[in-house]
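Here are some short exercises to work through at your own pace. Have a look at the model first, then try each task before reading its solution.

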Amino acid sequence: RASRPEYLRDLRIVDVFTHESIGKERKSVAFSMSFQSSDHTLTDAEVNESVDRVVKALHDELGADLRT
């Protein structure tokens, strides 16, 4: 929570997948994020920066890797 981006309004887990094919101790977690500003329309750069902060926090705190 300390690294929560300013414009992040909601983050919800939408799917969790576990299977031997991704590793016995690993899981794939899909989530959706909603961003909003109360005083302006967000730019792509603002949203991308917020997404990057979430991904970095998940990596730093949980060891999570972004699948592409």
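**Exercise 1.** Is Asp60 buried, partly exposed or exposed?

*Solution.* Start with the ground rules: this is a predicted model, where local features need pLDDT of at least 70, side-chain atom pairs count only at pLDDT 80 or more, and totals for chains, interfaces and linings use all residues. Residues are numbered from 1 along each chain as its sequence is written, and side-chain values use heavy atoms, with hydrogens and water left out. Next, recall the classes: buried is under 20% relative accessible area, exposed is over 50%, and partly exposed is in between (1.4 Å probe, protein chains only). Asp60 has 49% relative accessibility, so Asp60 is partly exposed.

**Exercise 2.** Find the salt-bridge partner of Asp60 and place both residues.

*Solution.* A salt bridge needs a side-chain nitrogen of Lys or Arg within 4 Å of a carboxyl oxygen of Asp or Glu. Lys56 fits, with its closest N and Asp60's closest O 2.5 Å apart. Both residues sit in helix H1 (helices are DSSP runs of H or I, at least four residues; strands are runs of E, at least two; both are numbered from the N terminus). They are four residues apart, about one turn of the helix.

**Exercise 3.** Which parts does the salt bridge between Arg26 and Asp65 tie together?

*Solution.* First, the distance: the closest N and O atoms are 3.8 Å apart. Arg26 lies in the loop between S1 and S2 and Asp65 in the segment after H1, so the pair links parts 39 residues apart in sequence. Finally, Arg26 is partly exposed, at 48% relative accessible area.
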